[in-house]
Amino acid sequence: MAKIPAPVQKNEIIDVEFEDLTHDGQAVAKIEGYPLFVAGALPGERGRIQATKLNKGYGFGRLIELQKTSPFRQNPECPIYSQCGGCQLQHLSYEGQLEAKGKQVRDVMERIGKLKDVTIHPVLGANNPWRYRNKAQVPVGEENGGLVAGFYQKRSHSIINMEQCLIQQEKSDEVIRKVKAICQRYGVKAYDESKHKGTLRHIMARCGKATGEVMVVFVTRTEDFPHKKEVIKEITEQIDGITSIIQNINPKKTNVILGDTTKVLWGNEVIYDYIGHIQFAISARSFYQVNPEQTKVLYDKALEYAGLTGEENVIDAYCGIGTISLFLAQKAKKVYGVEIVPEAIEDAKRNARLNGITNVEFSVGKAEMVIPHWYKQGMTADVLVVDPPRKGCDEALLQTIMEMKPKRVVYVSCNPSTLARDLRVLEDGGYKTLEIQPVDMFPMTTHVECVALMTRMEK
Ligand code: SAH
(Lines give C-alpha, C1' and ligand atoms only; values in the text may rest on other atoms or scores of the structure.)
Protein backbone atom coordinates (compact mmCIF):
# COMPACT_ATOMS: atom_id res chain seq x y z
CA MET A 1 0.00 0.00 0.00
CA ALA A 2 1.37 3.41 -0.96
CA LYS A 3 2.07 5.73 1.93
CA ILE A 4 -0.35 8.63 1.86
CA PRO A 5 1.20 12.11 2.15
CA ALA A 6 -0.22 14.20 4.99
CA PRO A 7 -3.42 16.03 3.94
CA VAL A 8 -2.86 18.60 6.75
CA GLN A 9 -0.10 21.07 7.61
CA LYS A 10 2.07 20.96 10.71
CA ASN A 11 0.44 22.95 13.56
CA GLU A 12 -2.87 23.08 11.71
CA ILE A 13 -5.92 22.90 13.96
CA ILE A 14 -8.68 20.57 12.83
CA ASP A 15 -11.83 18.87 14.10
CA VAL A 16 -11.75 15.08 13.89
CA GLU A 17 -13.59 11.91 14.84
CA PHE A 18 -11.71 9.21 16.69
CA GLU A 19 -12.26 5.68 15.42
CA ASP A 20 -9.85 3.36 17.05
CA LEU A 21 -7.29 2.80 19.80
CA THR A 22 -3.71 1.73 19.08
CA HIS A 23 -1.91 -1.00 21.02
CA ASP A 24 -0.27 1.75 23.08
CA GLY A 25 -3.52 3.51 23.96
CA GLN A 26 -3.56 6.42 21.50
CA ALA A 27 -6.75 7.26 19.63
CA VAL A 28 -6.72 7.19 15.84
CA ALA A 29 -8.37 9.86 13.68
CA LYS A 30 -8.33 9.39 9.91
CA ILE A 31 -8.21 12.34 7.54
CA GLU A 32 -8.78 11.22 3.97
CA GLY A 33 -7.40 7.84 5.00
CA TYR A 34 -4.30 9.36 6.67
CA PRO A 35 -4.06 8.25 10.34
CA LEU A 36 -3.24 10.74 13.09
CA PHE A 37 -2.46 9.35 16.55
CA VAL A 38 -3.71 11.38 19.50
CA ALA A 39 -3.16 10.57 23.18
CA GLY A 40 -6.03 11.09 25.61
CA ALA A 41 -8.97 10.62 23.24
CA LEU A 42 -11.19 7.54 22.82
CA PRO A 43 -12.95 5.79 19.94
CA GLY A 44 -16.39 7.31 19.29
CA GLU A 45 -15.28 10.74 20.49
CA ARG A 46 -15.05 13.96 18.49
CA GLY A 47 -12.58 16.70 19.20
CA ARG A 48 -10.31 19.52 18.11
CA ILE A 49 -6.65 18.67 17.66
CA GLN A 50 -3.43 20.29 16.50
CA ALA A 51 -1.23 18.33 14.10
CA THR A 52 2.19 18.13 15.77
CA LYS A 53 4.29 15.72 13.70
CA LEU A 54 3.62 14.53 10.17
CA ASN A 55 5.37 11.57 8.61
CA LYS A 56 4.72 9.82 5.33
CA GLY A 57 1.83 7.48 6.02
CA TYR A 58 0.93 8.63 9.55
CA GLY A 59 1.24 11.53 11.98
CA PHE A 60 0.59 12.71 15.53
CA GLY A 61 -1.70 15.30 17.03
CA ARG A 62 -2.33 16.96 20.39
CA LEU A 63 -5.81 17.01 21.84
CA ILE A 64 -7.07 20.57 22.42
CA GLU A 65 -10.68 19.89 23.41
CA LEU A 66 -13.33 17.22 23.19
CA GLN A 67 -16.62 18.08 21.55
CA LYS A 68 -18.30 14.71 22.08
CA THR A 69 -17.23 12.27 24.77
CA SER A 70 -17.52 8.49 24.85
CA PRO A 71 -20.00 6.87 27.26
CA PHE A 72 -17.02 4.71 28.31
CA ARG A 73 -14.95 7.73 29.39
CA GLN A 74 -14.21 7.99 33.11
CA ASN A 75 -12.13 10.31 35.25
CA PRO A 76 -8.69 8.84 35.93
CA GLU A 77 -8.52 7.83 39.62
CA CYS A 78 -4.84 8.56 39.94
CA PRO A 79 -3.76 12.18 40.51
CA ILE A 80 -0.48 11.69 38.62
CA TYR A 81 -1.91 9.68 35.72
CA SER A 82 -1.00 12.19 33.02
CA GLN A 83 2.61 12.64 34.21
CA CYS A 84 3.51 9.04 34.95
CA GLY A 85 2.91 6.99 31.81
CA GLY A 86 2.79 3.68 33.73
CA CYS A 87 -0.94 3.35 32.94
CA GLN A 88 -2.45 4.33 29.59
CA LEU A 89 -6.15 3.53 29.96
CA GLN A 90 -7.37 5.04 33.23
CA HIS A 91 -9.60 7.43 31.27
CA LEU A 92 -11.51 4.44 29.88
CA SER A 93 -13.98 2.45 32.03
CA TYR A 94 -12.87 -1.07 32.86
CA GLU A 95 -15.62 -2.48 30.65
CA GLY A 96 -14.33 -0.26 27.84
CA GLN A 97 -10.75 -1.45 28.45
CA LEU A 98 -11.76 -5.11 28.11
CA GLU A 99 -13.66 -4.36 24.92
CA ALA A 100 -10.68 -2.43 23.47
CA LYS A 101 -8.26 -5.24 24.31
CA GLY A 102 -10.62 -7.81 22.76
CA LYS A 103 -10.83 -5.75 19.59
CA GLN A 104 -7.05 -5.41 19.46
CA VAL A 105 -6.71 -9.21 19.56
CA ARG A 106 -9.46 -9.78 16.94
CA ASP A 107 -7.91 -7.16 14.63
CA VAL A 108 -4.39 -8.63 14.60
CA MET A 109 -5.66 -12.19 14.22
CA GLU A 110 -7.45 -11.07 11.08
CA ARG A 111 -4.84 -8.65 9.72
CA ILE A 112 -1.55 -10.41 10.62
CA GLY A 113 -2.70 -13.97 11.34
CA LYS A 114 -5.22 -14.18 8.47
CA LEU A 115 -7.02 -16.68 10.67
CA LYS A 116 -10.50 -17.91 9.83
CA ASP A 117 -13.00 -19.87 11.94
CA VAL A 118 -11.18 -19.18 15.16
CA THR A 119 -13.18 -18.64 18.31
CA ILE A 120 -11.76 -15.58 20.06
CA HIS A 121 -13.38 -15.45 23.47
CA PRO A 122 -14.20 -12.19 25.27
CA VAL A 123 -11.31 -10.99 27.49
CA LEU A 124 -11.37 -12.48 30.99
CA GLY A 125 -11.23 -9.40 33.22
CA ALA A 126 -10.01 -9.08 36.79
CA ASN A 127 -12.45 -9.01 39.72
CA ASN A 128 -10.62 -5.97 40.99
CA PRO A 129 -8.74 -3.99 38.34
CA TRP A 130 -6.88 -1.93 40.98
CA ARG A 131 -4.13 -2.73 43.45
CA TYR A 132 -3.00 -5.92 41.73
CA ARG A 133 0.77 -5.57 41.19
CA ASN A 134 2.89 -7.56 43.64
CA LYS A 135 6.11 -5.79 42.74
CA ALA A 136 7.14 -2.13 42.96
CA GLN A 137 10.39 -0.86 41.57
CA VAL A 138 11.09 2.83 42.00
CA PRO A 139 14.08 4.97 41.04
CA VAL A 140 15.47 7.16 43.83
CA GLY A 141 16.64 10.74 43.41
CA GLU A 142 17.19 13.93 45.36
CA GLU A 143 15.26 17.16 45.35
CA ASN A 144 16.02 20.14 47.60
CA GLY A 145 18.22 17.94 49.75
CA GLY A 146 15.49 15.32 50.34
CA LEU A 147 14.98 11.85 48.86
CA VAL A 148 12.35 11.35 46.20
CA ALA A 149 11.25 7.98 44.85
CA GLY A 150 8.66 7.32 42.22
CA PHE A 151 8.90 7.29 38.47
CA TYR A 152 10.71 8.92 35.60
CA GLN A 153 8.69 11.70 34.06
CA LYS A 154 7.57 10.73 30.54
CA ARG A 155 10.37 11.08 27.99
CA SER A 156 12.81 12.33 30.64
CA HIS A 157 15.12 11.16 33.38
CA SER A 158 13.89 13.44 36.15
CA ILE A 159 12.29 11.52 39.00
CA ILE A 160 8.86 12.50 40.26
CA ASN A 161 7.97 11.56 43.81
CA MET A 162 5.07 9.14 44.21
CA GLU A 163 3.14 8.58 47.42
CA GLN A 164 0.93 5.83 46.06
CA CYS A 165 0.38 3.80 42.92
CA LEU A 166 -3.18 2.59 42.46
CA ILE A 167 -2.28 -0.54 40.47
CA GLN A 168 0.20 -1.65 43.11
CA GLN A 169 -0.71 -3.53 46.28
CA GLU A 170 -1.14 -1.14 49.24
CA LYS A 171 1.61 -2.97 51.05
CA SER A 172 4.13 -1.89 48.39
CA ASP A 173 3.15 1.76 48.86
CA GLU A 174 3.68 1.40 52.60
CA VAL A 175 7.06 -0.31 52.13
CA ILE A 176 8.38 2.29 49.69
CA ARG A 177 7.12 5.19 51.82
CA LYS A 178 8.68 3.83 55.02
CA VAL A 179 11.97 2.75 53.45
CA LYS A 180 12.35 6.17 51.81
CA ALA A 181 11.74 7.95 55.14
CA ILE A 182 14.20 5.69 56.99
CA CYS A 183 16.93 6.21 54.37
CA GLN A 184 16.29 9.95 54.49
CA ARG A 185 16.70 10.01 58.27
CA TYR A 186 20.08 8.26 58.07
CA GLY A 187 21.30 10.48 55.26
CA VAL A 188 21.56 7.76 52.59
CA LYS A 189 22.51 9.51 49.34
CA ALA A 190 20.54 8.93 46.17
CA TYR A 191 22.41 7.87 43.06
CA ASP A 192 23.05 10.77 40.71
CA GLU A 193 22.89 9.47 37.17
CA SER A 194 24.60 12.46 35.53
CA LYS A 195 27.65 12.39 37.86
CA HIS A 196 27.57 8.61 38.50
CA LYS A 197 27.87 9.32 42.24
CA GLY A 198 25.79 8.54 45.34
CA THR A 199 24.51 5.22 46.65
CA LEU A 200 20.86 4.30 46.30
CA ARG A 201 19.59 3.71 42.74
CA HIS A 202 16.30 1.87 43.17
CA ILE A 203 14.10 0.50 45.92
CA MET A 204 12.20 -2.63 45.04
CA ALA A 205 9.40 -4.21 47.08
CA ARG A 206 7.90 -7.61 46.38
CA CYS A 207 4.94 -9.05 48.28
CA GLY A 208 3.71 -12.64 48.35
CA LYS A 209 0.00 -12.05 47.88
CA ALA A 210 -0.99 -15.39 49.40
CA THR A 211 1.62 -15.49 52.19
CA GLY A 212 1.94 -11.83 53.19
CA GLU A 213 5.73 -12.12 53.01
CA VAL A 214 7.62 -8.99 51.98
CA MET A 215 11.03 -8.55 50.35
CA VAL A 216 12.86 -5.24 50.13
CA VAL A 217 15.70 -4.88 47.64
CA PHE A 218 18.14 -1.97 47.76
CA VAL A 219 19.84 -1.47 44.42
CA THR A 220 23.04 0.42 45.16
CA ARG A 221 25.95 1.71 43.09
CA THR A 222 28.55 0.69 45.65
CA GLU A 223 28.87 -2.24 47.99
CA ASP A 224 29.33 0.25 50.80
CA PHE A 225 25.93 1.25 52.15
CA PRO A 226 26.21 3.84 54.96
CA HIS A 227 24.17 3.17 58.13
CA LYS A 228 23.15 -0.24 56.78
CA LYS A 229 22.70 -1.69 60.27
CA GLU A 230 20.41 1.07 61.51
CA VAL A 231 18.39 1.08 58.30
CA ILE A 232 17.84 -2.70 58.51
CA LYS A 233 16.85 -2.51 62.17
CA GLU A 234 14.27 0.20 61.53
CA ILE A 235 12.79 -1.64 58.56
CA THR A 236 12.32 -4.83 60.57
CA GLU A 237 10.70 -2.85 63.39
CA GLN A 238 8.41 -0.74 61.24
CA ILE A 239 7.22 -3.05 58.46
CA ASP A 240 4.98 -6.03 59.26
CA GLY A 241 5.55 -9.15 57.19
CA ILE A 242 9.13 -8.34 56.24
CA THR A 243 11.04 -11.61 55.76
CA SER A 244 13.86 -10.62 53.42
CA ILE A 245 16.12 -7.60 52.94
CA ILE A 246 18.45 -7.80 49.95
CA GLN A 247 21.18 -5.58 48.52
CA ASN A 248 21.83 -5.72 44.81
CA ILE A 249 24.95 -3.95 43.60
CA ASN A 250 24.90 -2.28 40.20
CA PRO A 251 28.08 -0.22 39.63
CA LYS A 252 27.44 0.33 35.89
CA LYS A 253 26.32 3.38 33.96
CA THR A 254 23.18 1.73 32.63
CA ASN A 255 19.39 1.84 32.43
CA VAL A 256 19.25 -1.81 33.45
CA ILE A 257 17.98 -1.82 37.02
CA LEU A 258 19.60 -4.86 38.61
CA GLY A 259 23.33 -5.59 38.76
CA ASP A 260 25.03 -8.98 38.91
CA THR A 261 25.82 -9.16 42.64
CA THR A 262 23.14 -9.89 45.22
CA LYS A 263 23.65 -10.10 49.00
CA VAL A 264 21.22 -11.05 51.73
CA LEU A 265 21.31 -8.26 54.33
CA TRP A 266 18.69 -9.78 56.61
CA GLY A 267 16.31 -12.77 56.65
CA ASN A 268 15.73 -15.13 53.72
CA GLU A 269 17.14 -15.08 50.23
CA VAL A 270 13.62 -15.66 48.80
CA ILE A 271 10.00 -14.92 49.60
CA TYR A 272 7.26 -17.47 49.05
CA ASP A 273 3.96 -17.18 47.22
CA TYR A 274 1.29 -19.53 45.91
CA ILE A 275 -0.47 -19.73 42.57
CA GLY A 276 -3.32 -22.16 43.15
CA HIS A 277 -1.88 -24.92 45.35
CA ILE A 278 1.65 -24.59 44.06
CA GLN A 279 4.23 -22.83 46.17
CA PHE A 280 6.94 -20.71 44.59
CA ALA A 281 10.20 -19.42 46.00
CA ILE A 282 11.01 -16.09 44.40
CA SER A 283 14.47 -14.56 44.57
CA ALA A 284 15.26 -10.89 43.96
CA ARG A 285 16.34 -11.43 40.36
CA SER A 286 13.75 -13.96 39.18
CA PHE A 287 10.92 -13.19 36.83
CA TYR A 288 7.58 -13.75 38.55
CA GLN A 289 4.18 -12.77 37.15
CA VAL A 290 3.06 -9.47 38.71
CA ASN A 291 -0.66 -10.27 38.93
CA PRO A 292 -0.97 -13.62 40.73
CA GLU A 293 -4.78 -13.79 40.65
CA GLN A 294 -5.04 -13.37 36.89
CA THR A 295 -2.00 -15.61 36.42
CA LYS A 296 -4.05 -18.43 37.94
CA VAL A 297 -6.83 -17.69 35.43
CA LEU A 298 -4.30 -17.79 32.56
CA TYR A 299 -2.55 -20.98 33.69
CA ASP A 300 -5.86 -22.78 34.33
CA LYS A 301 -6.77 -22.01 30.72
CA ALA A 302 -3.38 -23.22 29.46
CA LEU A 303 -3.84 -26.43 31.45
CA GLU A 304 -7.36 -26.92 30.07
CA TYR A 305 -6.11 -26.37 26.49
CA ALA A 306 -3.28 -28.86 27.04
CA GLY A 307 -6.02 -31.52 27.49
CA LEU A 308 -3.86 -33.78 29.65
CA THR A 309 -4.89 -37.26 30.79
CA GLY A 310 -1.73 -38.33 32.62
CA GLU A 311 -0.18 -40.13 29.64
CA GLU A 312 1.45 -37.19 27.86
CA ASN A 313 5.00 -36.02 27.44
CA VAL A 314 4.94 -32.24 27.49
CA ILE A 315 7.55 -29.63 26.58
CA ASP A 316 7.26 -26.20 28.23
CA ALA A 317 9.44 -23.76 26.28
CA TYR A 318 10.44 -20.42 27.86
CA CYS A 319 9.53 -21.86 31.27
CA GLY A 320 11.02 -19.18 33.57
CA ILE A 321 10.96 -20.40 37.19
CA GLY A 322 8.80 -23.36 36.13
CA THR A 323 5.42 -21.82 36.87
CA ILE A 324 3.52 -23.33 33.92
CA SER A 325 5.61 -26.55 33.98
CA LEU A 326 4.59 -27.30 37.57
CA PHE A 327 0.95 -26.61 36.77
CA LEU A 328 1.14 -29.03 33.81
CA ALA A 329 3.05 -31.66 35.79
CA GLN A 330 -0.01 -32.20 38.00
CA LYS A 331 -1.78 -33.82 35.02
CA ALA A 332 1.03 -34.97 32.67
CA LYS A 333 3.28 -38.04 32.56
CA LYS A 334 6.39 -35.91 32.24
CA VAL A 335 7.18 -32.24 31.62
CA TYR A 336 10.42 -30.91 30.15
CA GLY A 337 11.03 -27.19 30.78
CA VAL A 338 13.53 -25.06 28.83
CA GLU A 339 14.68 -21.57 29.78
CA ILE A 340 17.62 -19.35 28.88
CA VAL A 341 18.36 -17.81 32.33
CA PRO A 342 20.36 -20.22 34.56
CA GLU A 343 19.13 -18.68 37.86
CA ALA A 344 15.53 -19.15 36.76
CA ILE A 345 16.22 -22.84 36.14
CA GLU A 346 17.77 -23.12 39.62
CA ASP A 347 14.55 -21.61 40.99
CA ALA A 348 12.46 -23.96 38.84
CA LYS A 349 14.26 -27.00 40.25
CA ARG A 350 13.90 -25.70 43.79
CA ASN A 351 10.17 -25.05 43.20
CA ALA A 352 9.68 -28.61 41.95
CA ARG A 353 11.35 -29.98 45.13
CA LEU A 354 9.37 -27.60 47.32
CA ASN A 355 6.13 -29.05 45.97
CA GLY A 356 7.31 -32.67 45.85
CA ILE A 357 6.83 -32.74 42.06
CA THR A 358 9.16 -35.32 40.52
CA ASN A 359 7.91 -35.71 36.93
CA VAL A 360 9.63 -32.56 35.63
CA GLU A 361 13.07 -31.94 34.19
CA PHE A 362 14.50 -28.49 33.56
CA SER A 363 17.23 -27.53 31.09
CA VAL A 364 19.13 -24.28 30.57
CA GLY A 365 19.45 -23.00 27.01
CA LYS A 366 17.78 -21.33 24.09
CA ALA A 367 14.49 -23.03 23.25
CA GLU A 368 15.42 -22.81 19.55
CA MET A 369 18.65 -24.74 20.19
CA VAL A 370 17.67 -27.22 22.91
CA ILE A 371 14.39 -28.46 21.43
CA PRO A 372 15.81 -29.12 17.90
CA HIS A 373 18.65 -30.98 19.63
CA TRP A 374 16.18 -33.14 21.58
CA TYR A 375 14.25 -33.83 18.38
CA LYS A 376 17.42 -34.98 16.57
CA GLN A 377 18.01 -37.40 19.43
CA GLY A 378 14.57 -38.90 18.83
CA MET A 379 12.51 -37.13 21.45
CA THR A 380 8.93 -36.14 20.68
CA ALA A 381 6.14 -34.52 22.69
CA ASP A 382 2.38 -34.96 22.75
CA VAL A 383 1.80 -31.39 23.83
CA LEU A 384 4.08 -28.40 23.44
CA VAL A 385 3.56 -25.20 25.43
CA VAL A 386 5.37 -21.97 24.59
CA ASP A 387 5.38 -18.69 26.54
CA PRO A 388 7.96 -16.51 24.76
CA PRO A 389 8.91 -12.88 25.45
CA ARG A 390 7.34 -10.08 23.38
CA LYS A 391 9.28 -10.85 20.20
CA GLY A 392 7.61 -14.26 19.94
CA CYS A 393 9.10 -17.65 19.00
CA ASP A 394 12.30 -18.06 17.05
CA GLU A 395 11.79 -19.44 13.53
CA ALA A 396 14.01 -22.44 14.25
CA LEU A 397 11.71 -23.42 17.11
CA LEU A 398 8.58 -23.11 14.94
CA GLN A 399 10.30 -25.24 12.30
CA THR A 400 11.07 -27.96 14.84
CA ILE A 401 7.48 -27.91 16.15
CA MET A 402 6.27 -28.57 12.60
CA GLU A 403 8.69 -31.47 12.25
CA MET A 404 8.12 -32.92 15.70
CA LYS A 405 4.34 -32.73 15.18
CA PRO A 406 2.97 -32.60 18.74
CA LYS A 407 -0.81 -33.18 18.72
CA ARG A 408 -1.48 -29.89 20.46
CA VAL A 409 0.38 -26.61 20.76
CA VAL A 410 -0.63 -24.24 23.55
CA TYR A 411 0.74 -20.75 22.92
CA VAL A 412 0.81 -18.28 25.83
CA SER A 413 1.68 -14.79 24.63
CA CYS A 414 2.08 -11.26 25.99
CA ASN A 415 2.08 -9.74 22.48
CA PRO A 416 -0.91 -10.37 20.19
CA SER A 417 0.98 -9.24 17.04
CA THR A 418 3.81 -11.78 17.31
CA LEU A 419 1.28 -14.40 18.42
CA ALA A 420 -0.72 -13.80 15.22
CA ARG A 421 2.47 -14.00 13.12
CA ASP A 422 3.57 -17.30 14.71
CA LEU A 423 0.08 -18.85 14.53
CA ARG A 424 0.14 -18.11 10.79
CA VAL A 425 3.46 -19.94 10.38
CA LEU A 426 2.14 -22.97 12.27
CA GLU A 427 -1.16 -22.91 10.32
CA ASP A 428 0.84 -23.05 7.09
CA GLY A 429 2.74 -25.99 8.58
CA GLY A 430 -0.26 -28.20 9.30
CA TYR A 431 -1.81 -26.79 12.49
CA LYS A 432 -5.22 -25.27 13.03
CA THR A 433 -5.97 -22.62 15.65
CA LEU A 434 -9.12 -23.63 17.51
CA GLU A 435 -9.54 -21.04 20.25
CA ILE A 436 -7.91 -17.94 21.67
CA GLN A 437 -8.59 -16.75 25.19
CA PRO A 438 -7.37 -13.23 26.06
CA VAL A 439 -6.81 -12.60 29.78
CA ASP A 440 -6.40 -9.16 31.33
CA MET A 441 -3.32 -9.45 33.50
CA PHE A 442 -2.55 -5.72 33.47
CA PRO A 443 -5.69 -3.60 34.01
CA MET A 444 -5.33 0.15 33.30
CA THR A 445 -2.48 -0.53 30.86
CA THR A 446 -2.78 -1.49 27.19
CA HIS A 447 -1.14 -4.89 27.65
CA VAL A 448 -3.13 -8.04 27.02
CA GLU A 449 -2.10 -11.65 27.48
CA CYS A 450 -3.52 -14.49 25.33
CA VAL A 451 -3.53 -18.24 25.36
CA ALA A 452 -4.17 -20.02 22.05
CA LEU A 453 -4.94 -23.68 21.37
CA MET A 454 -3.71 -25.27 18.15
CA THR A 455 -4.25 -28.82 16.99
CA ARG A 456 -2.37 -30.90 14.40
CA MET A 457 -4.43 -31.44 11.22
CA GLU A 458 -2.03 -33.42 9.02
CA LYS A 459 -0.38 -36.66 10.07
N1 SAH B 1 6.51 -19.20 31.55
C2 SAH B 1 7.12 -18.34 32.54
C3 SAH B 1 8.02 -17.24 31.96
C4 SAH B 1 7.50 -16.49 30.77
S5 SAH B 1 8.42 -15.05 30.36
C6 SAH B 1 6.07 -17.75 33.44
O7 SAH B 1 4.89 -17.73 33.10
O8 SAH B 1 6.41 -17.29 34.53
C9 SAH B 1 9.47 -15.59 29.07
C10 SAH B 1 10.69 -16.34 29.53
O11 SAH B 1 11.45 -16.69 28.36
C12 SAH B 1 11.65 -15.54 30.39
O13 SAH B 1 11.87 -16.29 31.57
C14 SAH B 1 12.93 -15.44 29.56
O15 SAH B 1 14.11 -15.49 30.34
C16 SAH B 1 12.83 -16.64 28.67
N17 SAH B 1 13.55 -16.60 27.37
C18 SAH B 1 13.79 -15.55 26.57
N19 SAH B 1 14.37 -15.94 25.42
C20 SAH B 1 14.48 -17.29 25.48
C21 SAH B 1 14.99 -18.29 24.57
N22 SAH B 1 15.48 -17.96 23.38
N23 SAH B 1 14.94 -19.57 24.96
C24 SAH B 1 14.42 -19.93 26.17
N25 SAH B 1 13.94 -19.02 27.07
C26 SAH B 1 13.97 -17.72 26.72
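What distance separates the centres of domain 1 and domain 3, taken over C-alpha atoms? In this predicted model, the centres of the two domains, taken over C-alpha atoms, are separated by 39 Å. The chain is divided into domain 1, covering residues 13-68, domain 2, made up of residues 99-127 together with 291-456, and domain 3, covering residues 135-275.

Aromatic contacts were examined next, and a search of the whole structure finds 7 aromatic pairs. One of them joins Phe-37 and Phe-60, whose ring centres are 5.7 Å apart and whose planes meet at 55°, so the pair is classed as tilted. Because Phe-37 belongs to strand β3 (residues 34-38) and Phe-60 to strand β5 (residues 59-68), this pair ties together parts that are 23 residues apart in sequence. Phe-37 is buried, with a relative accessible area of 19%, whereas Phe-60, with a relative accessible area of 25%, is partly exposed. Phe-37 and Phe-60 also belong to a cluster in which ring pairs link them with Tyr-58. A further tilted pair is formed by Phe-280 and Tyr-288, with 6.2 Å between the ring centres and 50° between the planes. Phe-280 is buried, at 0% relative accessibility, and Tyr-288 is likewise buried, with a relative accessible area of 5%. An aromatic ring is also approached by a charged side chain, in that Arg-201 lies over the face of Tyr-191 at 4.3 Å from the ring centre.

Helix α3 (residues 170-185) was then considered together with its surroundings. This helix has 16 residues and reaches 23 Å from its first C-alpha to its last, which is close to the 22 Å expected at 1.5 Å a residue. The buried residues of α3 are Ser-172, Asp-173, Glu-174, Val-175, Ile-176, Val-179, Lys-180, Ile-182 and Cys-183. An α-helix has 3.6 residues a turn, so residues three or four places apart point the same way. The elements that cover the buried residues of α3 include the strands β7 (135-143), β8 (146-152), β9 (159-161), β10 (200-207) and β11 (214-220), as well as helix α4 (228-238). Just after α3, Gly-187 takes a positive phi of about 70°.

A loop residue also makes contacts with this helix. Ile-239 lies in the loop between α4 and β12 (242-249) and is buried, with a relative accessible area of 2%. When neighbours within four places in sequence are left aside, Ile-239 is in contact with Lys-171, Glu-174, Val-175, Lys-178 and Val-179. The C-alpha atoms of Ile-239 and Lys-171 are separated by 9.3 Å, although the two residues are 68 residues apart along the chain.

The strand arrangement includes an open sheet of 8 strands with mixed pairing, in the order β6-β21-β22-β20-β19-β16-β17-β18. Strands β6 (119-120) and β18 (360-364) stand at the edges of the sheet, each with a single partner strand, so one side of each is left without a neighbour in the sheet. Within the sheet, β22 (residues 449-456) runs antiparallel to β21 (residues 431-439), to which it is joined by 8 bridges. Tyr-431 has Arg-456 of β22 as its bridge partner, and Pro-438 is matched in the same manner with Cys-450 of β22. Strand β22 also pairs with β20 (residues 408-413), in the antiparallel sense and over 6 bridges, with Ala-452 of β22 as the bridge partner of Tyr-411. Because 7 of its 8 residues are buried, β22 is largely enclosed by the rest of the structure.

Contacts between distant parts of the sequence are further illustrated by Met-109, which lies in helix α2 (residues 94-111). At 2% relative accessibility, Met-109 is buried. Apart from neighbours within four places in sequence, its contacts are Lys-114, Leu-115, Ile-120, Pro-416, Leu-419, Ala-420, Leu-423 and Ile-436. The C-alpha atoms of Met-109 and Arg-424 are separated by 9.0 Å, while the two residues are 315 residues apart along the chain.

How values were computed: Residues numbered from 1 in each chain as written. Predicted model: local features only at pLDDT ≥ 70, side-chain atom pairs only at ≥ 80, totals over all residues. Heavy atoms only, no water. Phe/Tyr/Trp six-rings, centres within 6.5 Å; stacked < 30°, edge-to-face > 60°. Helix = DSSP H or I, 4+ residues; strand = E, 2+ residues; numbered from the N terminus. Buried < 20%, exposed > 50% of the residue type's maximum accessible area, 1.4 Å probe, protein only. Lys NZ or Arg CZ within 6 Å of the ring centre and 35° of its normal. Domains from an automatic or database assignment. Expected span 1.5 Å × (residues − 1). Contact = heavy atoms within 4.5 Å. Pairing = 2+ DSSP bridges.
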